[in-house]
Structures are given as structure tokens and as C-alpha cells.
Amino acid sequence: MPTLLHIDSSVFPAAGSASRAVTAAFRKEWEAQHPNGRVVYRDLHADPLPHLAFDGASAGFIGPDERTPEQQAAFALREELAGELEQADAVLIGAPMYNFTIPSGLKAWLDHVIINGRTFGTENPTAAGTPVVVVASRGGGYGPGTPRESFEFVTTYLEKVLNGGLGLEVEFIVPELTLARSVPAMADLVPLADASRENAHAAAVAKAKSLATRFAA
Ligand SMILES: Cc1cc2nc3c(=O)[nH]c(=O)nc-3n(C[C@H](O)[C@H](O)[C@H](O)COP(=O)(O)O)c2cc1C
């Protein structure tokens, strides 16, 4: 049975998070399709990873026998996280926009799992081809032709790092204008925001279903 690696990174709990609501809709459908499947869950806000630091980073550039005990310990976490990615049949990531880019907790995860010569930087990165669905919620609008289009560093960055770097097959679901109900200046955008949220939920369910056909039990 397939394994889903589910990652959330919003600083908000489930009840107040646009991205968590959509990843939950995906996961619910995924679990309905794979009742005996496995889900590995990482909540990068509730259980944050340490930032990648000297020992973990430098350990990636030397052989296992050359590592100090500190480097071995730091690299063990990177191997655990890379292993979770490599063993996943599909990946689901909640990636809200904070200050035009991804949450720092998600960046820390990426810094750990991107291991040169293994998951990255080889002709055959170890997780290449794995489908990944990214829920990129954002308070404003950054679509093509909008004034803030060039400020968008969530999908543009993740496309490069997940696909261009790790070789994953990336698809984005984007619930946007999520601040429309709480920011008075955005009141006119509430209908668009509601439509975007509904489309995102429908897309999450449809994607979980369509991916399931790849992993028939
Ligand atoms: C620290 C912080 C920074 C934010 N920065 C932006 C931003 O640069 N652009 C934007 O459109 N929305 C921004 N927002 C709004 C969030 O993108 C929006 O509320 C989104 O729905 C968050 O998803 P979440 O509820 O799953 O965390 C920010 C929110 C927070 C908490």
C-alpha cells in the first residue's frame, strides 16, 4: 500500500489555517482511497526542525568514516528526513506565503533533505518522479497580470527546488485572497476569495483521487 508524506508548515492551527484545511481535504480523500496505506506526517510548526547548521551541512561533503560524532548525529536527522522523502509514493506540502516566500520551517526541511549526490545534484536524484502536491495559500493575489505578480516567491521557488533540484513532479493548488474577509480594503474581493477556496478544496479531492489510480492496491 502506498505511503503519503504529508507536511504542514502554517503557523496557524487547523481551525485557522487555509493551507491546513486544503491539505486535510486531500489527506482525507487519500486515506479513503487507501484505507490500509501509510501516512508519515510532519508538522513543521508544531514540531520544528533545527536549522541546518555547520555539523549537518559539512557532514554532507565528507564520507561517513570521516565524520565527527557531532557530524554523525546531525547527519542522522538529514538521513531520516531524506529517507522519508525517498520512501514516499506521493508528497503533500502545505506552503503558505509568509513575506512573499515559504515559512522558515519549510525552508529548514528543504535544507536538510537536499543532500548533494543523493536527493540532489546527480543524474538520478533518489526521489525523482515522485508526485508532490503543494498547497500554496496566500493572503493576496499574485496571478499573471496582477500588480504583485513579480513578488511571488512561493510557487516560483518551490517549482525550481522541488522539480529542478529534487526531480519531483510538482503540482500547485493555490487558495488565494485568503485575507479578503479580514482586511476591509479587500472586501470587494470576498466572492473571488470564496471561489478560490472552493476551487482549491475541489482540486485537492480530485488530485487525491487521480493520484490513487497510480497506486492501485
Ligand atoms: C507572517 C505572515 C506573513 C504573511 N505574508 C504575506 C505576504 O507576503 N503576502 C500575502 O499575500 N499574504 C501574506 N500573509 C497572509 C497569508 O499568506 C495567508 O493568511 C495564508 O492564507 C496563510 O495560510 P495559512 O493560514 O495556512 O498559514 C502572511 C501571513 C503571515 C502570518
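This briefing walks through a ligand site, a pair of helices and three loop residues. The model is a predicted one. Around its ligand sits a shell of 18 residues, and helices α3 and α4 cross at roughly 95°. After those, we stop at R67, N99 and L177, each of which lies in a loop.

**Around the ligand**

- Of the 18 residues that surround the ligand, the closest are S10, S19, P96, G139 and G140.
- Sorted by class, this shell holds eight nonpolar residues, eight polar ones and two charged ones.

**Where α3 meets α4**

- Helix α3 covers residues 69-87 and helix α4 covers residues 104-113; their axes come within 8 Å of each other and cross at roughly 95°.
- Because an angle from 65 to 115 degrees counts as roughly perpendicular, α3 is roughly perpendicular to α4.
- On the α3 side, the contact is made by L77, R78, L81, A82 and L85, while α4 brings W109, H112 and V113.
- By class, the residues of this contact divide into six nonpolar, one polar and one charged.

**The buried face of α4**

- Five names are worth finding on α4: G105, L106, W109, H112 and V113 are its buried residues.
- Looking down the axis of α4, you will find these buried residues within an arc of 120°, so they line one face of the helix.
- A general point helps here: an α-helix has 3.6 residues a turn, so residues three or four places apart point the same way.
- The partners of the buried α4 residues are β1 (3-8), α2 (54-59) and α3.

**R67, between α2 and α3**

- R67 is found in the loop that joins α2 to α3.
- With 17 other C-beta atoms within 10 Å, R67 is partly exposed, because that count falls between the limits of 12 or fewer for exposed and 20 or more for buried.
- Leaving aside residues up to four places away in sequence, R67 touches A59, I62, Q72 and F75.
- From R67 to A95 it is 28 residues in sequence and 33 Å in space, C-alpha to C-alpha.

**Two residues with positive phi**

- N99 is not a glycine, yet it has a positive phi of about 50°.
- You can look for N99 in the loop between β3 (90-94) and α4, where it is exposed, with 9 other C-beta atoms within 10 Å.
- L177, also not a glycine, has a positive phi of about 60°.
- L177 belongs to the loop between β5 (169-173) and α6 (190-212), and it counts as buried, with 25 C-beta neighbours inside 10 Å.

Key. Residues numbered from 1 in each chain as written. Predicted model: local features only at pLDDT ≥ 70, side-chain atom pairs only at ≥ 80, totals over all residues. Near = placed C-beta within 6 Å. Nonpolar A, V, L, I, M, F, W, Y, C, P; charged D, E, K, R; others polar. Axes fitted to C-alpha atoms, helices over the stretch in contact; angles between N-to-C directions. Helix = DSSP H or I, 4+ residues; strand = E, 2+ residues; numbered from the N terminus. Parallel < 35°, antiparallel > 145°, perpendicular 65-115°, else oblique. Contact = placed C-beta atoms within 7 Å. Arc of directions from axis to C-beta.
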